Amino acid sequence: MSAIATELAKLKAKKQLAFIPFITAGDPDLETTVSAITTLVDQGANLIEIGFPFSDPVADGPIIQASYTRALEKGIKILDIFTRVQELTSRPDFHTPLVGMVSYSLIFRYGVAEFTFAAKSAGFAGLIVPDLPPEEADELSQATQSAELDLILLVTPTTTLERAKKIASLSRGFLYCVSIVGITGTQSAQQQSLQQYLERIRTVTDLPLCVGFGISQPEHIQRLQGLAEGAIVGSSLVRCLHEKGIEGLKQQAQKLAQATLPTQG
Amino acid sequence: MAILTENLPDSRGRFGRFGGRFVPETLMFALEQLTAAYLEAKSDPTFQKEFRQIMADYVGRPSRLYYAKRLTEHVGGAQIYFKREDLNHTGAHKINNAIGQALLTKRMGKTNIIAETGAGQHGVASATAGALLNLPCRVYMGSEDIRRQELNVFRMKAMGTQVVPVESGSKTLRDAVNEAMREWMATVENTHYIIGSVIGPHPFPMIVRDFQSVIGEETIAQSFEQFGTLPNVVVACVGGGSNAAGMFYPFIPYSEVELVGVEAGGRSCESGEHASTLSYGQPGVLHGTFSYVLQDHDGQTSPVHSVSAGLDYPGVGPEHAYWKEIQRVRYTSVGDRDALEGFALCSRLEGILPALETAHGIVETVRIAAKRPKHERVVLCFSGRGDKDCAEIARLLKL
Ligand SMILES: Cc1ncc(COP(=O)(O)O)c(C=O)c1O
C-alpha cells in the first residue's frame, strides 16, 4: 500500500476523518512554506497538499490564484520547490505524506516522465492534477505508476457514474470529490445533496473519498463525518497564512483539525 | 491534391495531436452537452437557415470581395483583393461567431451569455448578439484593456451588457479567458460561454471555425464569379486564429492555394516583446487545449506584447498548430512598426482604415504581392475596421 493509502486506512480504523490542508508553495517564500508544513503537521494534518503556482489556474478560486500570483512575482521555480521539499522529506522525523497539486500545463512542459520522477525523488507521495480529464490521463497515469506515485483525479457532482468509474480506475490513494459545482473557495454544498453524491460515487469505487472545494469551516468538516474519509481545506488556510502569518495558520488549522476527530456521544 | 480535413477534429477534439480537453472535471458535462447540441444544430436545416438569415439581414453578408486597385498599382505586383469583414455590422468578423453561438444558446434552452474580450471587438459582438436575441450578457475584460479600449466599453454598456473588470494576473485577455471559464463553471446550468476565437477546449475550436467558415466559403464563390478561378494566395492575421480559420478552412482541400497566417511580431522576437505563438512558441497546454503556446521554461505563460490588442494572446487555436505541422499553412509575423505603416498605407491609398490586427495582414499581403506576377491574385481577410484603434494610433504616430 502507498503511504497515502496506509495513512487513510489507519485513520478510518480510528473512525477519524483525514485532515488535508492545502498551501501554496512559495507564498510568500519557500522558508515560510516549510514552516507552514511543519506547523500543519504539529496541528494534526494527516496529508498535506502543496500547490505549484501556475500563471493561469482555471480550477482555482481567487484566493488561491492570488497566492500563485504572489509566489510567481517572487520568481519561484519548480526546481526550487522540489529542492526544498526534498530537504524536508529527508528529515528522519518527517513522515506526513505530501501531495503536489499541479496543473497539467506545468507537467507537460517539464515532461510527463521527468516531472513524475522528480516529484518522487523530492519525496512527494502523490499528485493531484485538477485540469486533466480521464480521456487525456493515460500517459500521466502510466508515468505515476512506474514512479510509484499516487495519481489523484477529481470527480464532481455533475460527473456521470460511468465517468466516475473511469476516473476512479485511474486514481490511486484516494478519490478527490469536488463538493460544489464551481471553483475552490466559494460556497459550501448542501448537506443532503452531498450525502447522495458521495453515496453515488461509492457505488463505483473502493477508494477512500476525500472532499474538497468549499470546505472552510469546522462545521463543513463535521458534516463529512461518516460520509467521507477526508476533508481538504485550501482557500481558508491560504488566506490565514497570507493575512496573519504562521500564527494565524496555526490557530485556524487547530480549529479545523479538531473537527476531524470522531464526535463524542 | 486534396487534403482531407473535413472530419477533423476527431471525437476527442483532436486535430492531429493538437486540441483535446484539458479542463477541470466540472466543465466536462457542459462541454459534452455543448458538443451534442452543436452537432445536432449543424445538421439541422432550420438552424442553419436561421443563422444564414441573420447573417444576411442583420450582419449584411455576404461581405464584398473588393479589388484594391490603388494599393495593387502602388505595389506593382500581383492583384490585391480584400475580403471586407470590416463592413459587417459591428465592424469585424467576430459577429459571425457571436450570433452563431447565441443562437446555439437559445437552442440549448440557456438564458444567459458570458464572453471574454481583449480589444473589445468580441465583447461588442457578444453584446450585440445578446441584445438582438434577448440574452442578458456579461463580458469579462482585463482592467488594463478596459482602460485602453474606452470606445468599445461604452458600446457594450450602451447595449445593456455588464462589463466585468478582471484584476487578476496580467489584467489582459488571457486573464479574462480564465475568469470567464471560471464563471462558466459556477453558472453552467443556465449560462453559455461564447468564446471569442478558435481556442479553448473541444468543441469550441470547431464551433468557432464553422461559424467563421462563411468567410472562406463566400470568398471561394466570389473568386469564381469575379475572376473565374481561385486566388493564388490567401492571407489572414492570427491572434487566437478565428478570422484565419474561417478564411482558410474551406480552402484547405485546394492545395494549389497558398495560405499565409500573420502573427504579431511586436517590438522584437525576444520573449515578452511579441505575440508570435506559432513562430516562436512551442507545443503546450493553455486554456484547456493542447496547441502552441508562449511559455517560460517552467510552463508559466509568458507576457506578450503587440500594438494590436486583438493579437495580444500567448496561445493560438489548435487547428492552426496542426496546419503548421502538416505544412498546409505558412505562419509568419509582422512587427508593430510595420503594422502602423500598413495602417497608414491602406488608409491613404484605399480610403479604408483597417483595424491594427488587419494592418499586420496588409503588410504581409503587400510583401507577397510585390514578389508575384501581375496576373496572380492575393486575397487578404480584411478582419476589421480601425475606428477602435484611432486614439491609440494617433498617440503612437503623434498625429
Ligand atoms: C479586427 C480583428 N482582427 C483580428 C482579431 C484577432 O482574432 P482572431 O485571430 O481570432 O481572428 C481581432 C480580435 O479582437 C480583431 O478584432
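In the predicted model, buried residues account for 60% of the 399 residues of chain B. The secondary structure of this chain comprises 16 helices and 14 strands. The radius of gyration of chain B is 19 Å, close to the 21 Å given by the globule rule for 399 residues, so the chain is as compact as a globular protein of that length. Along the principal axes, the C-alpha trace of chain B extends over about 55 × 45 × 45 Å. Of the contacts in chain B between residues at least 6 apart in sequence, 75% join residues at least 24 apart.

Chain B is divided into two domains, each assembled from two sequence segments: domain 1 consists of 14-55 + 93-208, and domain 2 of 60-91 + 213-397. A distance of 22 Å separates the C-alpha centres of domain 1 and domain 2 of chain B. Between these domains, 38 residues of domain 1 of chain B are in contact with 38 residues of domain 2 of chain B.

On the domain 1 side of this interface in chain B, two or more residues are contributed by each of strand E2 (18-19), helix H4 (94-107), helix H5 (121-132), helix H6 (143-148), helix H7 (150-158), helix H8 (173-187) and helix H9 (204-212). The largest share of that side, four residues, is provided by H5(B). In composition, the residues of domain 1 of chain B that face domain 2 of chain B across the contact divide into 17 nonpolar, 17 polar and four charged.

Key:
Residues numbered from 1 in each chain as written. Chains lettered and ligands numbered in written order. Predicted model: local features only at pLDDT ≥ 70, side-chain atom pairs only at ≥ 80, totals over all residues. Domains from an automatic or database assignment. Contact = placed C-beta atoms within 7 Å. Nonpolar A, V, L, I, M, F, W, Y, C, P; charged D, E, K, R; others polar. Rg over C-alpha atoms; globule rule 2.2 N^0.38 Å. Buried ≥ 20, exposed ≤ 12 C-beta atoms within 10 Å, placed from the backbone.
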